[in-house]
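Q: I'm new to this one and would like a close look at a single part of it. Could you walk me through it slowly and then show me what surrounds it?

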Amino acid sequence: MCNQGSSASEFMIMPTMRKSTNPAVTTAVARKNFSDLINRVAYGKDRVVLTRRNKPLAAVVPIEDIALIEEIEDREDLKAAQAALREVKRKGTIPWARIKKELNLP
């Protein structure tokens with residue numbers, strides 16, 4: 001992630017608060033070397049943790065990671081919806097008029 005003319009110390013990997021195999025860089029270094037950082041993530045498939053004041057703040061990850069996270073979230077949402085439907089079959093539903101009355105809604 002070194003640009004020509006940049007000092008090597010700018011690109012020192014910083015430890016994160018918890019054990020991680022992902023390299024970490026400060027937000028200032030990431031801002032200075034944004035193009036290199038994006039290329040490292042997009043083509044090298046690295047995950048880079050951005051830090052501020054030695055604390056993990058955010059991560060830059062390959063787009064494939066986002067697709068995987070969204071797929072996992074979709075599966076979890078589907079499981080929750082199926083569980084809700086099973087509960088409705090077991091317990092039934094509460095009429096809207098009754099809920100409105102209990103909550104003093106117009």
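What is the relative accessible area of Asp-46, and does that make this residue buried or exposed, or something in between?

A: A quick word on the model before the close look. This is a predicted model, in which local features need pLDDT of at least 70 and side-chain atom pairs count only at pLDDT 80 or more, while totals for chains, interfaces and linings use all residues. Residues are numbered from 1 along each chain as its sequence is written, and side-chain values use heavy atoms, with hydrogens and water left out.

Now to your residue: Asp-46 has a relative accessible area of 27%, so it counts as partly exposed. (Buried means under 20% relative accessible area, exposed means over 50%, and partly exposed is in between, with a 1.4 Å probe and protein chains only.) The side chain of Asp-46 has a partner, Arg-40: they meet in a salt bridge, at 2.9 Å from N to O. For that term, a side-chain nitrogen of Lys or Arg has to be within 4 Å of a carboxyl oxygen of Asp or Glu. Side chains of opposite charge can pair when their charged atoms come close.

By this rule the model has seven salt bridges, and two others are worth a look. Glu-76 pairs with Lys-79 at 3.2 Å, N to O. Both of them lie in helix H3 (residues 63–91), three residues apart, about one turn of the helix. Glu-76 is partly exposed, because its relative accessible area is 42%. Then there's Glu-102, bridged to Arg-98 with the closest N and O atoms 3.1 Å apart. These two lie in helix H4 (residues 96–102), four residues apart, again about one turn. Glu-102 is at 54% and so counts as exposed, whereas Arg-98, at 46%, is partly exposed.

Zooming out, the protein has four helices and three strands, running β-α-α-β-β-α-α from the N terminus. (Helices, H or I and at least four residues, and strands, E and at least two, are DSSP runs numbered from the N terminus.) Of the 106 residues, 18% are buried.

Some charged residues gather in patches on the surface. Arg-31, Arg-52, Arg-53 and Lys-55 form a positive one, while Glu-70, Glu-73, Asp-74 and Asp-77 form a negative one. Patch members have over 30% relative accessible area and no salt bridge; like charges are joined within 9 Å, and nonpolar side chains (Val, Leu, Ile, Met, Phe, Trp, Tyr) within 5 Å. Lys and Arg count as positive, Asp and Glu as negative, with His and the chain ends not counted. Each charge is placed at NZ of Lys, CZ of Arg, CG of Asp or CD of Glu. In the positive patch, Arg-53 sits in the loop between strand S2 (48–52) and strand S3 (55–60), and it counts as exposed because its relative accessibility is 73%. In the negative patch, Glu-73 lies in helix H3 and is partly exposed at 47%.

For contrast, try Thr-27 in helix H1 (residues 27–32): its relative accessibility is 16%, so it counts as buried. Leaving aside residues up to four places away in sequence, Thr-27 touches Leu-50, Thr-51, Arg-52 and Leu-57, where contact means heavy atoms within 4.5 Å.

Notes
Areas by Shrake-Rupley, 256 points an atom, 1.4 Å probe, with all protein chains shown as cover.
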